[in-house]
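Please look at the sequence and the structure below, and follow one helix from its start to the core that it helps to build.

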Amino acid sequence: MKIDLTETTSSKINQALVSARRAIGTPAIGMVLTLVIVTDEENAYDALKSAGDASREHPSRIIAVIKRVSRSPRSRRDARLDAEVRVGSDAGAGETVVLRLHGELANHAQSVVLPLLLPDAPVVVWWPEGAPDDPAKDPLGALAQRRITDAYSAEHPSDELVVRGRSYTPGDTDLAWTRITPWRSMLAAALDQQHVEVVSAMVEGESENPSCELLAMWLANRLKVPVERTLSGGPGLTAVRMETKNGVIVLDRPDGSLATLSMQGQPDRAVALKRRDTAELLAEELRRLDPDNTYEATVKFGVEKLGGPADPKPAEPAAAPAAPAAPSAAKKTAAKKAAAK
């Protein structure tokens, strides 16, 4: 069921939610949290679909905040709130409110969202793209116990990781970190089987992929060994190689789906390492709302400490050949004497 509200208020939206639940015969819906999505019109559909799929594991009230860009000075002065209320099959396993903020109201989104939060329930804010430099100090981020960003959507992902490390506040996390959970689990299990000392490591993946940097930083921080970051054609993260005193441990995934784990003295094993969609990543993050100390230590480690380029840089043009040196005065005099003879 969908209800469209034009030039409305937070109070009217709450009334519409109650009316919609009664209309579909479910006056009470058990929801465990409020998920606030800060996005734009271009990315709203995909973000809402992913959140709706994740809500089947975590029933929640989803509030999408879309700030509409005003093109004229007059429209920028006019404050207006339009909303769309979705309940039932149109809203996953919870309920959805899509807020479109016009004019000056776009600068005060927290005043609209606050009355719509579920009482006595955790609040999670997710920026699918365009996250603030310091999510905890953002007016909407200040309402949340958990703040989710995605460095992959940034124009320069490596620089984005530097910003995330400097502004980290307990409760921050990033979907680039969530993407490497299966890799971290598999590598940790491999080291548990071998009980050997790692002397160096190499992480291979496509450029502009912050998950590769985060995995390399995690290995360097936990193992206290040099880790080299190398580039490949992808997709995503393609291989990890760890040099140990007893041989090499290699986890190779060339196709983005099936990986091969190779260890000294053991047969190669096929491992399922499928690239997960956003709904799966979001559902994983919603399972835990406490601070992630491992992510904190990793993102604060620093991309600049890795060996090898994080982002490819264009090769410098070759220097022009040097012009032949002009003959000295002495050589000129000797030449004239030789000619006179």
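At the start of helix α8, a side-chain oxygen of Asn209 comes within 3.0 Å of the backbone nitrogen of Ser211, which fits the definition of a polar contact (a pair of N or O atoms within 3.5 Å, one able to donate a hydrogen and the other to accept it, where residues adjacent in sequence count only if both atoms are side-chain atoms). The model is predicted, so local features need pLDDT of at least 70 and side-chain atom pairs pLDDT 80 or more, while totals for chains, interfaces and linings use all residues. Residues are numbered from 1 along each chain as its sequence is written, and side-chain values use heavy atoms, leaving out hydrogens and water.

Helices here are DSSP runs of H or I with at least four residues, and strands are runs of E with at least two, numbered from the N terminus. The expected span of a helix is 1.5 Å times one less than its number of residues.

| Property of α8 | Value |
|---|---|
| Residues | 210-223 |
| Span, first to last C-alpha | 20 Å |
| Expected span | 20 Å |

Of the 14 residues in α8, 12 are buried (under 20% relative accessible area with a 1.4 Å probe, protein chains only), among them Leu215, Trp218 and Leu219. Just after the helix, Lys224 takes a positive phi of about 60 degrees.

The largest nonpolar core (buried Ala, Val, Leu, Ile, Met, Phe, Trp, Tyr and Cys residues joined through side-chain atoms within 4.5 Å) has 38 residues, and Leu215, Leu219 and Val203 are among those with the most contacts inside it. The largest share of this core, 8 residues, comes from α8.

Conventions:
Buried means under 20% relative accessible area, exposed over 50%, partly exposed in between (1.4 Å probe, protein chains only).
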